[in-house]
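Work through the exercises below with the model open beside you. Try each task before reading its solution.

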Amino acid sequence: MIVWSRFTRPLAALVVAAALTVPSSPAATARTTGPGGDPVTNDAGVRFGILSHRGGRLEWPENSVEAYTHSVAAGFDAIETDIVFTSDGRGVMSHYDTLTDRCTQAGRAIHQMTLAQVAEVRCKDLSGQFTVPIPTFEQLAEALAADDEVGLTLDIKTYTGQSAAGRRSWAKKAIGLVKEHGLLSRTSVISFKWDTVLPTILAAAPKMYVLALDYGTMDLDRVRLAAKLGAGGYGIKMKYTSAYLATYVKAKGMDSVPWEVVGTEARAFTIHYGGLLQLFSTDTPTTSRRELVEGAIDLNPVPNPTTTTLDAPVTISDTTYRADRKQYKVVGTKAVPDAALAMLRDVTVTVTVTGGTGTGSLYIGASSSPTSSSTRVALPASGKTVTVRAPLGDGRKLRLWTTRTVKLTVKVVAYTRVRFA
């Protein structure tokens, strides 16, 4: 399941099977209601709904007319689906440009096929038979026309080797189709190539909510770029998403939207750091809506910061710091295992003055973060130790500098994660 969230506009969803958090239409609202007919909300006033991921691919064939039609008829809050373009410029709904073995003609690239050729392809239905055609955007629009309250989350795909101009062309075509079919007010966009296409999308649709997703680890420069270009949300894989990253993304005015959110604790993290409207994007929307309405999902997760003390301190620095010269120290897996990066709040380090005057100040913070966010402590006397907590930044690094030249030994002694019972 995926979880959407947004402060002033609706957001995305949390995938508990293999997903992300994604945004919904800027104008959409959650229509899912509880047993008494009231919106499903939590104690903080957050409103929840259901996003049918790829049309609900475990209930109906993914990205199919059948999936779209049933999702609309069921009255889910929104549909998430994917668009690629044929060689003759027609938009068709497929998660992959290169056909996988779930379809006939596996290995062929849709962007090298005409619409007529794509129309001959058949993909597997839920029984494993090759019976399902790849729909066009027009067929998606026709399904959505049956209920103008169902939102659309459109993932504009690209392909390996596609030029920047080609990516921009696809983005422009996709928004053109959204406009042509009167879906602009209820559509949001997902993009993994947002650094190329976001300006194109917003030039064509200035109010469009665009979710910028990245494949790599935390990169605060990417967060700042996404905010500068006008993204509504930003996210990387949940396994790399720390509490600091989620907070930093929100501080830049965007929704924190991790993807590949698996399990109830990761979902709780996403709910806790999400916005005022959150749609659970799920492959089983009927089941997920029942769980949501019946109260089977904890909508009020309580954070429980949990500290793990290392069996033995790990030295990350034993060197001289020149006055006002920043140094960046890696906190490796021996100190913080890869599995602990998700939901990591900070690390605890001891700093011992082993040479120099021991006067002045020490600043420590996450690498690539604003220097103003650093923690300042007074340097202790020579031979003395001070304990400091700080979040990890890009590349698992801490940024340290002093106002006086001094030799320091820095050791990681513990790390703290934001856990949810």
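Two exercises follow, one on a serine and one on strands. This is a predicted model, in which local features need pLDDT of at least 70, side-chain atom pairs count only at pLDDT 80 or more, and totals for chains, interfaces and linings use all residues. Residues are numbered from 1 along each chain as its sequence is written, and side-chain values use heavy atoms, with hydrogens and water left out.

**Exercise 1. Place S369 and say whether S369 is buried or exposed.**

Step 1. Find the loop between β17 (361–366) and β18 (375–378); S369 lies there. Strands (E, at least two residues) are DSSP runs, numbered from the N terminus.

Step 2. Check accessibility. S369 counts as buried because its relative accessibility is 5%. Buried means under 20% relative accessible area, exposed over 50%, partly exposed in between (1.4 Å probe, protein chains only).

Step 3. List the contacts (heavy atoms within 4.5 Å). Leaving aside neighbours within four places in sequence, S369 touches L220, Y244 and R399.

**Exercise 2. Trace the pairing of β17 and β18, then that of β16.**

Step 1. Two strands pair if DSSP finds at least two bridges between them. β17 and β18 run antiparallel, joined by four bridges. Within this pair, I364 faces T375 of β18.

Step 2. Widen the view. The order β15-β20-β17-β18 makes an open sheet of four strands, with antiparallel pairing. β15 (327–330) and β18 are the edge strands, each pairing on one side only.

Step 3. Turn to β16 (residues 344–356). Over 11 bridges, β16 pairs with β21 (residues 406–420) in the antiparallel sense. L344 stands opposite R417 in β21.
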